[in-house]
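Please look through the structure shown below before reading on. The report that follows describes a few of its packing features under short headings.

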Amino acid sequence: MLENFQSPARAIFFGNLLLVLCCVFYLAWWFLAFRVNNPIKGIQSGWLLIPAAVAGLSAVVLTIQGITATKAESALVPSHVFLWGGAIAFVILAVITVVVFKRQMTSELLLFVFWGALALAEVNVLYGSQQLSSVAALVLTLIVVLVVAASLVCYVLFYRLEPRLAFWDGAIPLLLIALTMAALSVCLVAHLR
């Protein structure tokens, strides 16, 4: 079935799967290093960040290759808009979370904001190349926006919660992102039928 994918869609599909794998390794590390009772710190859990980083960077490279190689004449927005939009959104959200919510800056904000921009660019180009229906594209766009919003809420609340709740709060964005990318992959495969 995957042989029916055009080459750019195949790159996006495998990029999505690698991002799911990245989230799995990151979650495994999170559950070991940040559990409330007897956290496993250092290299005993930190090694899980190596495959997470390799899978995550590979996912980004494959997805960007797929997006830029896709002929999407009817895409709603040029792909570069999502990169600039993500950068602007990051700066605005960084200022708001630090100044208004007094939340110390961490890399998670950068990760989920740019994930959202990349996922929206992906949906946009797949819709434009007629590899997603308009309904699937709309639903996936809404899901990505809601996941970014939920991740932002979790991000702001993290340091305000007691340790057990903070532990689960930190896992929610990773789980939601993994599920979203899996859903996008399922939509791509379903479109082939």
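## Around W115

Leaving aside residues up to four places away in sequence, W115 touches L19, V144, V147, V148, I177, T180 and M181, where contact means heavy atoms within 4.5 Å. This is a predicted model, in which local features need pLDDT of at least 70 and side-chain atom pairs count only at pLDDT 80 or more, while totals for chains, interfaces and linings use all residues. Residues are numbered from 1 along each chain as its sequence is written, and side-chain values use heavy atoms, with hydrogens and water left out.

## The nonpolar cores

The largest nonpolar core (buried Ala, Val, Leu, Ile, Met, Phe, Trp, Tyr and Cys residues joined through side-chain atoms within 4.5 Å; buried means under 20% relative accessible area, with a 1.4 Å probe and protein chains only) has 33 residues, of which L109, F112, W115 and I177 touch the most other members. Two or more residues come from each of α1 (7-33), α3 (49-69), α4, α5, α6 (134-157) and α7 (163-192), these helices being DSSP runs of H or I with at least four residues, numbered from the N terminus. The largest share, nine residues, is given by α1.

Apart from this core lies another, of 16 residues, including I67, F82, A136 and A137.

## Helices α4 and α5

The axes of α4 (residues 80-100) and α5 (residues 107-128), which are lines fitted to C-alpha atoms over the stretch in contact, come within 9 Å and cross at roughly 150°, which means that α4 is roughly antiparallel to α5 (angles over 145 degrees, on a scale from 0 to 180 between N-to-C directions). Among the residues making the contact are F82 and F90 of α4 and L109 and F114 of α5.

Conventions
Parallel < 35°, antiparallel > 145°, perpendicular 65-115°, else oblique. Buried < 20%, exposed > 50% of the residue type's maximum accessible area, 1.4 Å probe, protein only.
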